[in-house]
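Subject: Structure handover

Hello,

Please find the structure below, with the sequence. My notes on it follow.

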Amino acid sequence: MPRLTPQEQQEIIRYLETDKPLPEKYRFLLFGDKRERELVWNGKTTDVCDAVLPFQTIERVAGACMEKPATLHDANSQGRQPNGWVNKLIQGDNKLILSSLKNGPMREAIEVEGGLKLIYIDPPFDVGADFSINIEIGEESCTQQPRVLEEIAYRDAWGRGADSFISMIYERLVLMRDLLAEDGSIYVHCDWRVNSVLRIILEEIFKNYRNEIIWHYTGGGRAETYFSKKHDSVFWYTKGDTWIFNADSIRIPYKKTSGYAKGGITSESGKHYTPNPLGTLPDDVWDIPIINPLAAERLGYPTQKPEALLERILKASSNKGDLIADFFCGSGTTVAVAEKLGRKWIATDLGKFAVHTTRKRIIGVQRQLKAESKDYRAFEILTLGKYERRHSASLYGALPEKSQLATQKSTILESVLNSYQAEKVEGFATLHGKRNERMVAVGQVITPVSRAGVKELILECYEKQITKVDLLGFEFEMGLFPNVLNEAWGKGIDIVPKHIPMEVFSKRAVEKNQAIFHELSSAKVKLRYKKNSVAVELTDFSVLSSRDSNANVALSLKNKASIVVVDTGQLFKISKNKDGIVSREVLTKKWTDWIDYWAVDFNFESKREIIHQKSPETGAVEEIWTGGYIFENEWQSFRTKKDRSLVLTSVFHECSAGKHKIAVKVVDIFGNDTMTVVDRALQS
């Protein structure tokens, strides 16, 4: 302990006797804290998440199949697919993802690749940011608000002011540092709102400052009462004292007026400076234009950055074959550039629409590379899935020990019913609540709603003459609908299945009635046969009708505002003009207007979904089959901003004789996906 003067000792005693906090200086005098610089905020803690959750692989895209009409075209060309690492697109809370990457079995796979050489992040640093996105419906477009979960995690991270944002980003940056290779770099994108605090945080965590890059851009409006804010900051730090910097990869041509462009410069002393034939090295102010509104790369995604910006960063601080990551991937700009430059990648985002947008973008890059006879690499879509739900449930209500399971189930049930604005009921085997004239049944957190469970529900409703039920589930058994609904309707029972959102685990969302229970959808397909080949035709897509009236939604609308709602299986745009007059427009004029993307796995159930977990007894990594299967994305058609068309019949795919299953995945305009599985049979 450092020596204290008698005066300092007496002062400490007085503070303790009066039960007052010690002045900040005593933290250093008493405990010898050696940190040279530190940002202190309300609620600061050095505790970092150490949860290890298994990753569930739900889809694999190995080929870049073009969306051509049905022909004997190879439906799943592996192309020039390099062996080894499979790129990873992960949906979920990046704190849990980072912790699971750092402490879980996937860490070994990362280390085999040489570790993470580069991390770029563009976190949501704008307290007033608009996280709405533009969605395309047929030939029209409209604005869709973000999921409540994203608002809570991002915009509402400012709920306690800047302290909330700082706490969120601090913990994640610590985890990122621990994942970086020893010669790795991190680039953190921000603007004037948080660049001062982020610089101090980065100094504390990484210490090895390299540059503050000023990204200067033009366009947009001009301020009249202050200097217009026309730049962002990108902080570059390294983990250690050695790092990658490829100067020759990012040189730019000399200006025509430069002496170097004319052969070189001779100083007054007569020394001649010969120009580098590759050009001059950029300084730390980058004049890179923002994305043109008409540019092909613009996806209508908020905060989207130009590819040229990421290209310079990736070329400077990574090499071909290196593993890079973006843990706030948004529309996927970082990994799209990485794919083009031959880097391996990990991308994560909380939002399912962001993950879907990135999926389409990477497939587009694969197609481009394939057309140019260049290599491209397979990627997987992963999620923490039911394990994240279980983790959230344990934090929300009770720990998942066996002795507390009943308490946990009761707590979660109450949360779901409160979120759905339903009152709890007793005395039923399969029913848990009631909202208005409809009964409510709630599925379990981990296990999907099963066919057997729905049959029990139908039987109880039939015996007790209950005719209206909302069936809420976190997950539903594949192939459950619409057949089981037809069975219920045949008995005069109207069952409406709906997905329970993750927002029910947020007390703040529940208190604000912000959890949105989405209706399920269903797709119909038809198989076409030719010799030893089969093609899939998408024949119908429908959203299982909502029985909730949206008539009251207009009451909350401000003048000159609009909102998109789902009602009775249709999508409506409800608008209020400047005079307060409400209009209602049908946006989904045909069933194909719902669809943004669809894909086919011609041999579903050929690849089991395996998770990797460390044995608590031996510490060895065990492979465990979840009971599910990976969707092998062998053919796909999707809409782009430039091309709104959609091919409704797949290519013909050569198949072996015998019975197999074909899976069809459809993603709607909001990023919600549904899957249909059908049997196919080919004669030998």
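How many helices and strands are there in the chain? The chain has 15 helices and 34 strands. Please keep in mind that this is a predicted model. The chain has 684 residues, and 51% of them count as buried. Taking contacts between residues at least 6 apart in sequence, 69% join residues at least 24 apart.

The sheet

One open sheet contains 11 strands with mixed pairing. Its order is β12-β8-β9-β7-β3-β13-β14-β2-β15-β1-β30. The edge strands are β12 (285-287) and β30 (631-633), each of which pairs on one side only. On average, and with direction ignored, neighbouring strands of this sheet are turned by 20° against each other.

Within this order, β8 is followed by β9. Strand β8 covers residues 208-216 and strand β9 covers residues 231-238. The two pair in the antiparallel sense, over eight bridges. Tyr209 stands opposite Tyr237 in β9. As a general point, the side chains in a regular strand alternate between the two faces of the sheet.

Helices α8 and α9

Helix α8 lies across several strands: β3 (116-121), β7 (180-190), β8, β9, β12 and β13 (323-326). Relative to β3, α8 runs at about 155°.

Helix α8 (residues 307-317) also meets helix α9 (residues 333-340): their axes come within 9 Å and cross at roughly 60°. Is α8 parallel or oblique to α9? Because of that crossing angle, α8 is oblique to α9. The crossing in which α8 passes α9 is right-handed. On the α8 side the contact is made by Glu307, Leu310, Glu311 and Leu314. On the α9 side it is made by Thr333, Thr334, Ala336, Val337, Ala338 and Lys340. The residues of this contact divide into five nonpolar, two polar and three charged.

The β28-β29 hairpin

Strand β28 (residues 608-614) and strand β29 (residues 621-629) run antiparallel and are joined by six bridges. Lys614 has Val621 in β29 as its bridge partner. The two strands form a hairpin with six residues between them. In the turn, Gly619 has a positive phi of about 80°.

Two single residues

Where is Ser392 found? Ser392 is in helix α11, which spans residues 385-396. Is Ser392 buried or exposed? Its relative accessibility is 16%, so Ser392 counts as buried, the cut-off being under 20%. Leaving aside residues up to four places away in sequence, Ser392 touches Met502 and Phe505. Ser392 and Met502 are 110 residues apart along the chain, while their C-alpha atoms are separated by 8.5 Å.

Asp673 lies in strand β34 (residues 673-682). With a relative accessible area of 48%, Asp673 is partly exposed. Which residues does Asp673 touch, not counting residues up to four places away in sequence? They are Lys665, Val666 and Val667. His356 is 317 residues from Asp673 in sequence, and the two are 9.5 Å apart in space, C-alpha to C-alpha.

Regards

Note on methods. Residues numbered from 1 in each chain as written. Predicted model: local features only at pLDDT ≥ 70, side-chain atom pairs only at ≥ 80, totals over all residues. Heavy atoms only, no water. Pairing = 2+ DSSP bridges. Helix = DSSP H or I, 4+ residues; strand = E, 2+ residues; numbered from the N terminus. Axes fitted to C-alpha atoms, helices over the stretch in contact; angles between N-to-C directions. Parallel < 35°, antiparallel > 145°, perpendicular 65-115°, else oblique. Left-handed = near helix turned anticlockwise from the far one by under 90°. Contact = heavy atoms within 4.5 Å. Nonpolar A, V, L, I, M, F, W, Y, C, P; charged D, E, K, R; others polar. Buried < 20%, exposed > 50% of the residue type's maximum accessible area, 1.4 Å probe, protein only.
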